[in-house]
Amino acid sequence: MTDEDGRVTRRHAIGAGLAGAGLAMAGRALAAPPMFPIVETAQGKVRGLLSGGVAVFKGIRYGASTAGANRFMPPAPPPRWSGVQDALAYGEVCPQLPADRRHDYADLISMDLQPSGPGEDCLRVNVWTPTVDPQDRKPVIVVLHGGGFYAGSGNSTGMDGEMMARFADTVVVSVTHRLGAFGYLHLSGAAGGSDDFAESGAVGMLDIVAALRWVQDNIAQFGGDPGRVLLFGQSGGGAKTSMALGMPSAKGLFHRAGVMSGSLLRAMEREAADRAAMRVLKALDLAPGDLRGLQQLPYTQILQAQALVEADDRAKGLPPMALAPVVGGSAIPAHPFDPGAPAVSHDVPMIVSTVLDEWTFRMVDFDVSQADVRAYARQRVGANADALLDYYAQETPGISPFIQKARIDTDLGFRRGAFAQAERKAAAGGAPVWTYLWTWPSPATNGRYGAVHGVDVAPSLHNVRGALTGTDAGSRRMADRMASVWASFAATGDPNNDRLPRWDPYDSQRRLTLVLDDKTRVEADPRAQVRAWLKDVPPTGVFG
């Protein structure tokens, strides 16, 4: 059987393949697998649900509730239980501001669809597995959700791992953790340097480390191999992966890493984090010394204060206050990729990527004129503006002025950060790094957004029901290719497989890059001229 490219179809060749694994399991047991499989974790037994041959376990605790005295504290171990706990429904989502559906992109990305309510008992994992036999030792994919450091959850539709577990014969785990003020409010300064809140600006990342420890302790019982764990994510998920690569406490808990459109080079400095915390305390009418009182407030008041501070920034024409992992403590002792790649993950291979038109997701001036874009390019880029726009027109015939404008800021932001991360990882030696550039445009809204931020998320988990990709043959072909990258990488530490052309690791001489499009190919140093034109232009955005 072949696909549209004439290659041998590999749907069942990555790993053992679900059909073969299912037949082998049936041959051993001489009976259908149970509808409600039960797995014993280190804390107690959990009951999942079989869905089309994949066992699904939702809302398993990897940490205790973060409410009350646990608020702003490093994660505490989950409680033990007797009997069997149902893992049939998603757990709580960290309290967060809702997505604003007044923008078309918000509806397409569906970040508002969190199939559970908010709450501080949110340290949960969801597991999808083709087997619950501890002897099977399947590769493990841990996916971190997007939404920056302020929104989203492992429960969102984009994080569903069922199709990937089936396609790749792999165990998939999604993670929900603390966000925004609950995960990154740096209170050490307000506490006068007290050790009580020393890591409050990093507890969201410490949650992720705790989830990875849970995987090490338990995933074999779900049929997974704790020695083959891939940690990856897109946007905020990529930023969190970037951070985890620099955390000493995460060393050895994962063995491959993927950063999709989220190459974060630096953590938040303590001075900026102190100012942000003081603003939140002021909005709550709390004195800096009253931090124990802050732990007793309803979470709704803290979220309201965060919203008020962000609204104040918007009213002044400023970017909203950012709360992000803070550098300088024991959890995050140094910036992850500045000045170089972190030594703590020297032996962890990576994939680093962007999509061509990331920044359209932030834009609404769909009818911007070509003259206005040319003026904008000259303002941002200077003498090379006309040459850059001419290059874009040749790169994408018929490109709209809207996408041209977005591509400028994408090249100055997301792409610059990804290039720096890949260069620094390659320069460090050690484990290799691969890079890809996704150029296949989203068909949504008649192609208005181009290859927009997030268009590769659903395909990375072999999903095609997302609004950004659709379900036609082209979408399915791209999902096969994209999912095969992560499936092979999880299984072997090398993304190469027979759905792709030969793809060698990145180095600073050839800069080989997989270009994912209808005609997927490997190019040496693609778009080098664009990078040269923009080298001395100030960056745009947090990933620049």
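In this report, Ala, Val, Leu, Ile, Met, Phe, Trp, Tyr, Cys and Pro count as nonpolar, Asp, Glu, Lys and Arg as charged, and the others, Gly among them, as polar. Keep that in mind as we look at the spaces inside this structure, which is a predicted model.

## Spaces inside the protein

The structure holds 3 cavities of 30 Å³ or more. The largest cavity has about 50 Å³ of space. Val143, Leu144, His145, Gly146, Met159, Phe232, Gly233, Gln234, Met260, Val457 and Ser460 line the largest cavity. Two or more of its lining residues come from each of the elements β7 (138–144), β9 (224–234) and α14 (457–460). The biggest contributor is β9, which gives 3 residues.

The second largest cavity has a volume of about 40 Å³. Around the second largest cavity you will find His186, Ala198, Glu199, Gly201, Ala202, Arg270, Val326, Val327 and Gly329. Try sorting these residues by class yourself: the lining has 4 nonpolar, 3 polar and 2 charged residues.

There is also a pocket to explore. About 510 Å³ of space lies in the second largest pocket. The second largest pocket is lined by 23 residues, and the closest to its centre are Arg415, Arg416, Ala418, Phe419 and Arg531. Elements that give two or more residues to this lining are β11 (350–355), α13 (414–427), β12 (433–438) and α16 (528–534). Among the contributors, α13 has the largest share, with 6 residues.

Here are the three linings by class:

| Space | Nonpolar residues | Polar residues | Charged residues |
|---|---|---|---|
| Second largest pocket | 11 | 4 | 8 |
| Largest cavity | 6 | 5 | none |
| Second largest cavity | 4 | 3 | 2 |

## Two helices with a buried side

Now let us follow a helix from end to end. The 14 residues of α7 (270–283) should span 20 Å at 1.5 Å a residue, and the end C-alpha atoms of α7 are 20 Å apart, which agrees. Which residues of α7 are buried? They are Ala273, Ala276, Ala277, Val280 and Leu281. Seen down the axis of α7, these buried residues fall within an arc of 140°, so they line one face of the helix. A general rule helps here: an α-helix has 3.6 residues a turn, so residues three or four places apart point the same way. On the other side of α7, Arg275 and Lys282 are exposed. The buried residues of α7 pack against α8 and α9.

A similar story can be told for α11 (residues 385–395). Its buried residues are Ala385, Leu388, Leu389 and Tyr392. These residues cover an arc of only 95° around the axis, which puts them on the same side of α11. What do the buried residues of α11 pack against? Their partners are α10 (370–381), α12 (401–412) and α16.

## Details of the backbone

Some places to look at closely are in the loops. Just after α7 comes Asp285, whose phi is positive, near 60°. Asp285 is found in the loop between α7 and α8 (291–296). Is Asp285 buried or exposed? With a relative accessible area of 72%, Asp285 is exposed, because the cut-off for exposed is over 50%.

Phe72 also has a positive phi, near 70°, and is a residue other than glycine. The loop that holds Phe72 runs between β4 (54–61) and β5 (84–86). Phe72 has a relative accessible area of 1% and is therefore buried, as buried means under 20%.

Another feature sits at a proline. The peptide bond from Asp338 to Pro339 is cis, with omega near 10°. Pro339 lies in the loop between α9 (299–315) and β11.

## A buried aspartate

Finally, find Asp121 in the loop between α2 (104–109) and β6 (124–129). Asp121 is buried, with a relative accessible area of 14%. Leaving out residues up to four places away in sequence, Asp121 touches Arg61, Ala64, Ser65 and Glu92. Asp121 and Asp217 are 96 residues apart in sequence, and their C-alpha atoms are 21 Å apart in space.

Terms used
Residues numbered from 1 in each chain as written. Predicted model: local features only at pLDDT ≥ 70, side-chain atom pairs only at ≥ 80, totals over all residues. Heavy atoms only, no water. 1 Å grid on protein atoms, 1.4 Å probe; cavity = no way out; pocket = protein on both sides within 12 Å on 5 of 7 lines; lining within 4 Å. Points joined across faces, edges and corners; volume = space filled by probe spheres on them. Helix = DSSP H or I, 4+ residues; strand = E, 2+ residues; numbered from the N terminus. Buried < 20%, exposed > 50% of the residue type's maximum accessible area, 1.4 Å probe, protein only. Expected span 1.5 Å × (residues − 1). Arc of directions from axis to C-beta. Contact = heavy atoms within 4.5 Å.
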